[in-house]
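Me: I'd like a close look at one part of this protein rather than a quick tour of everything. Please pick a stretch that has something to show both inside and outside, and then tell me how the rest fits around that stretch.

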Amino acid sequence: MLVGIVVVACVLLAVTPTTLARRTLYPVSHARDIQASAERHGVDPLLIAAVIKCESGWDENAQSSAGALGLMQVMPQTSSELARMGLVDSNAYDPSNLLDPATNIEYGTAYLAFLQKNLSSTDEVIAAYNAGMGKVEEWLAQPGELADNITYTETREYLRRVNEAYQGYRDSYPTGLAVEQ
């Protein structure tokens, strides 16, 4: 029964561009903050939205058992390192204030940009956002495709979910986030 409902929903979504149903499945909050950080760091705002959807489900106060915080589930150590490297202006965005949506989006986006500059594909960036760049480099050193070499079930599933959400956001917001808000 559930499979049938999912199939029907997927078919309806595939044939119905930018509908209320898609907006319900692919919500956006803080579009201006996402757009501003995306422009500053050269990251697709729709990828940022997909990461937020998969990391926190748009819960600004999300906290993981590992200590990741906010919309993009940024680790405090990561925000401090990005500020230290000069990739984020810590005067404008306090690295210890990761529950502030604009600050969290800025650090999460800066981290995505850092990964983009050091890796070759969106799949590599997504996997590294979840498992770390070192693990992705290990997996890339193996023969075959990255997705086949990922040894962490969580990261393999994360890659699938973010790519699915990313496609959903591209389909749902064909003119981009800034225009939509």
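Reply: Let's start with a word we'll need all the way through: a residue is called buried when its relative accessible area is under 20%, exposed when that area is over 50%, and partly exposed in between. By that rule, 43% of the 181 residues in this chain are buried. Keep in mind that you're looking at a predicted model.

Now for the setting. The chain has 11 helices and 0 strands, so, reading along the sequence, you just meet one α after another. Contacts also reach across the sequence: if you take the contacts with a separation of 6 or more, 56% of them are between residues 24 or more positions apart.

The part I'd pick is helix α10, which covers residues 153-172. Begin with Val-162, which sits in this helix. Its relative accessible area is 0%, which is under 20%, so Val-162 counts as buried. What does Val-162 touch, once you ignore residues up to four places away in sequence? The list is Leu-47, Ala-50, Val-51, Cys-54 and Ile-126. There's also a nice example of the chain folding back on itself: Asp-123 is 39 residues from Val-162 in sequence, yet their C-alpha atoms are 9.2 Å apart.

Now turn to some charged side chains on the same helix. Side chains of opposite charge can pair when their charged atoms come close. In α10, Arg-160 does this with Glu-157, in a salt bridge with an N to O distance of 2.3 Å. Arg-160 has another partner too, because its side chain also meets that of Glu-164 in a salt bridge, this time at 3.1 Å. Those shared partners tie Glu-157, Arg-160 and Glu-164 into one network.

Why do these partners fit along the helix? Arg-160 and Glu-157 are 3 residues apart in α10, which means about one helical turn lies between them. Glu-164 and Arg-160 are 4 residues apart, and that is again about one helical turn.

How buried or exposed are the three members of the network? Arg-160 has a relative accessible area of 41%, so it is partly exposed. Glu-157 is partly exposed as well, at 33%, and so is Glu-164, at 49%. Set that beside Val-162 with its 0%, and you can see that α10 holds both buried and partly exposed residues.

You can find a similar pairing on helix α8, where Glu-138 forms a salt bridge with Lys-135, the closest N and O atoms being 3.1 Å apart. Those two are 3 residues apart, so about one helical turn separates them. Glu-138 is partly exposed at 44%, and Lys-135 is partly exposed at 24%. Across the whole structure, a search finds 5 salt bridges.

Back to the inside. The largest nonpolar core has 50 residues, and Met-72, Tyr-129 and Tyr-169 have the most contacts within it. Our helix α10 supplies at least two residues of this core, and so do α3, α4, α5, α6, α7 and α8. Look at Met-72 as a sample: leaving out neighbours within four places in sequence, its contacts include Ile-48, Val-51, Ile-52, Leu-112 and Tyr-129. Notice Val-51 there, since Val-162 touches Val-51 too.

Tyr-129 turns up again at the largest pocket, where Tyr-129, Gln-73, Met-75, Thr-78 and Tyr-111 are the lining residues nearest the centre. This pocket holds about 430 Å³ of space. Its lining divides into 12 nonpolar, 5 polar and 3 charged residues. Helix α7 gives the largest share, 4 residues, while α5 and α6 each supply at least two.

One last stop, past α10 in the sequence: Leu-177 lies in helix α11, residues 177-180. At 1% relative accessible area, Leu-177 is buried. Its C-alpha atom is 5.9 Å from that of Ala-31, although the two residues are 146 positions apart along the chain. Ala-31 is also one of the residues that Leu-177 touches, along with others including Val-28, Ile-34, Pro-45 and Leu-46.

How values were computed
Residues are numbered from 1 along each chain as its sequence is written. This is a predicted model: local features need pLDDT of at least 70, side-chain atom pairs count only at pLDDT 80 or more; totals for chains, interfaces and linings use all residues. Side-chain values use heavy atoms; hydrogens and water are left out. On a 1 Å grid over the protein atoms alone, a cavity is a set of points where a 1.4 Å probe fits but cannot get out, and a pocket is an open set with protein on both sides within 12 Å along at least five of seven lines; lining residues have an atom within 4 Å of a point. Grid points are joined across faces, edges and corners, and a volume is the space filled by probe spheres set on the points. Ala, Val, Leu, Ile, Met, Phe, Trp, Tyr, Cys and Pro count as nonpolar, Asp, Glu, Lys and Arg as charged, and the others, Gly among them, as polar. A nonpolar core is a set of buried Ala, Val, Leu, Ile, Met, Phe, Trp, Tyr and Cys residues joined through side-chain atoms within 4.5 Å. Buried means under 20% relative accessible area, exposed over 50%, partly exposed in between (1.4 Å probe, protein chains only). Contact means heavy atoms within 4.5 Å. A salt bridge is a side-chain nitrogen of Lys or Arg within 4 Å of a carboxyl oxygen of Asp or Glu.
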